[in-house]
Amino acid sequence: MVLKVRKNRSTPPPEPCALTECMAVIAGAWAPNVIWHLRAGPRRFSELRADIPPVSAKVLSQRLKELEAKGVLSRTIQPTSPPSVEYALTPLGEGLVPALEAIVAVGHKLKAVRAGA
């Protein structure tokens, strides 16, 4: 029996697609975690490594560079001896926090459903 292909009734995304733009920022490995840990304020590289133990230094460094290039976070060199670098969310990055909080809320619900099953 051949199944009939149903017409997609959802409206097409606007061009350029805002969802695709947002997902391109938070889809990178560990990017949501970095944004999550910076939501409370600036953090140094070593502090982020301690916040996210499974991430390697190489991957964290790459993700920080990518997020800075996308305008999600800022990198500030502190005039200490030796110099240290702090990362902080930009206003654009702060705008992603409510989206991540919503994803976390749904994650808690999914976990509760699985635990009850």
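This passage looks at the main nonpolar core, a helix pair and the aromatic rings of a predicted model. Residues are numbered from 1 along each chain as its sequence is written, and side-chain values use heavy atoms, without hydrogens or water. Local features need pLDDT of at least 70 and side-chain atom pairs pLDDT 80 or more, whereas totals for chains, interfaces and linings use all residues.

A good place to start is the largest nonpolar core (buried Ala, Val, Leu, Ile, Met, Phe, Trp, Tyr and Cys residues joined through side-chain atoms within 4.5 Å; buried means under 20% relative accessible area with a 1.4 Å probe, protein chains only). Among its 20 residues, Val34, Ile35 and Leu67 touch the most other members. At least two residues come from each of α1 (18-26), α2 (31-38), α4 (57-69), β3 (84-89) and α5 (91-116), helices (H or I, at least four residues) and strands (E, at least two) being DSSP runs numbered from the N terminus. Helix α2 gives the largest share, four residues.

Helices α2 and α4 also meet directly. Their axes, lines fitted to C-alpha atoms over the stretch in contact, come within 10 Å and cross at roughly 75°. The two helices are therefore roughly perpendicular (65 to 115 degrees). Here Ala31, Val34 and Ile35 of α2 are in contact (heavy atoms within 4.5 Å) with Leu60, Arg63, Leu64 and Leu67 of α4. Arginine 63 counts as buried, because its relative accessibility is 10%.

As for the aromatic rings, zero aromatic pairs (ring centres within 6.5 Å) turn up in the whole structure.

Conventions: Rings of Phe, Tyr and Trp (its six-membered ring) pair if their centres lie within 6.5 Å; planes under 30 degrees apart count as stacked, over 60 as edge-to-face and the rest as tilted. Buried means under 20% relative accessible area, exposed over 50%, partly exposed in between (1.4 Å probe, protein chains only). Axes are lines fitted to C-alpha atoms, for helices over the stretch in contact, and angles run from 0 to 180 degrees between N-to-C directions. Angles under 35 degrees count as roughly parallel, over 145 as roughly antiparallel, 65 to 115 as roughly perpendicular and the rest as oblique.
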